[in-house]
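Me: Hi! Could you walk me through the strands and cysteines in this one?
Reply: Happy to, let's look at it together.

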Amino acid sequence: MTRRPHPKTALPALALAVAALLPLTGCADASEAKPEEKTFAFTGTALDVKAHGNPADLIPADRTDVKVTRWFDTGAQVGTKKLGWTLEDGTLDLHAGCSGLADCEARFRIEVPRNVAVTRDGRPTDLKG
């Protein structure tokens, strides 16, 4: 006969196990991360930026393409990184996050041609810089 833990004791034991793992994870700090860059060919007149809650500086620049710089740091070794960046049909989609017991932080800098109308998640926004 297999003995299963009683529900009233299983939950506290799980909470203790999770609490024991938390000190093993460091705090993520994107300002300390090594920057990664990617340049996207762009011929449109409008760009919608989707950063999914991550800070994203939109900078007007004398260029004809779109340049993205990403800083990403994870302080945890438990969990999975979820990174991605694509530019399709006028939408720049920037993913940077973690799943599981993970602490991560990201930020982006997006250089956009000066003559391009930019929206953030479909809403008008001003370029800074």
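**Strands and a disulfide**

Reply: This is a predicted model. A good place to begin is strand β5 (residues 80-88), which is joined by nine bridges to strand β6 (residues 91-99), the two running antiparallel.

Me: Nice. Which residue is the bridge partner of W85 in β6?
Reply: That's L94.

Me: And what about phi at D89, in the hairpin of β5 and β6?
Reply: D89 has a positive phi, near 50 degrees, and this hairpin has two residues between its strands.

Me: Switching to cysteines: how many disulfides does a search of the whole structure find?
Reply: The search turns up one disulfide. C98 and C104 are the pair, with an S to S distance of 2.4 Å.

Me: Is C98 buried or exposed?
Reply: Neither, really: C98 is partly exposed because its relative accessibility is 23%, and buried would need under 20%. C104 also counts as partly exposed, because its value is 26%.

Me: OK, back to strands. What is the order in the open sheet of four strands?
Reply: The order is β1-β4-β7-β3, and the pairing is mixed. At the edges sit β1 (36-40) and β3 (56-61), each pairing on one side only. From one strand to the next, the twist averages 20 degrees.

Me: How many bridges join β1 to β4?
Reply: Five, and β1 runs antiparallel to β4 (residues 66-74).

Me: Which residue in β4 does E37 stand opposite?
Reply: E37 faces T69 there.

Technical notes. Residues numbered from 1 in each chain as written. Predicted model: local features only at pLDDT ≥ 70, side-chain atom pairs only at ≥ 80, totals over all residues. Heavy atoms only, no water. Pairing = 2+ DSSP bridges. Disulfide = S-S within 2.5 Å. Buried < 20%, exposed > 50% of the residue type's maximum accessible area, 1.4 Å probe, protein only. Axes fitted to C-alpha atoms, helices over the stretch in contact; angles between N-to-C directions.
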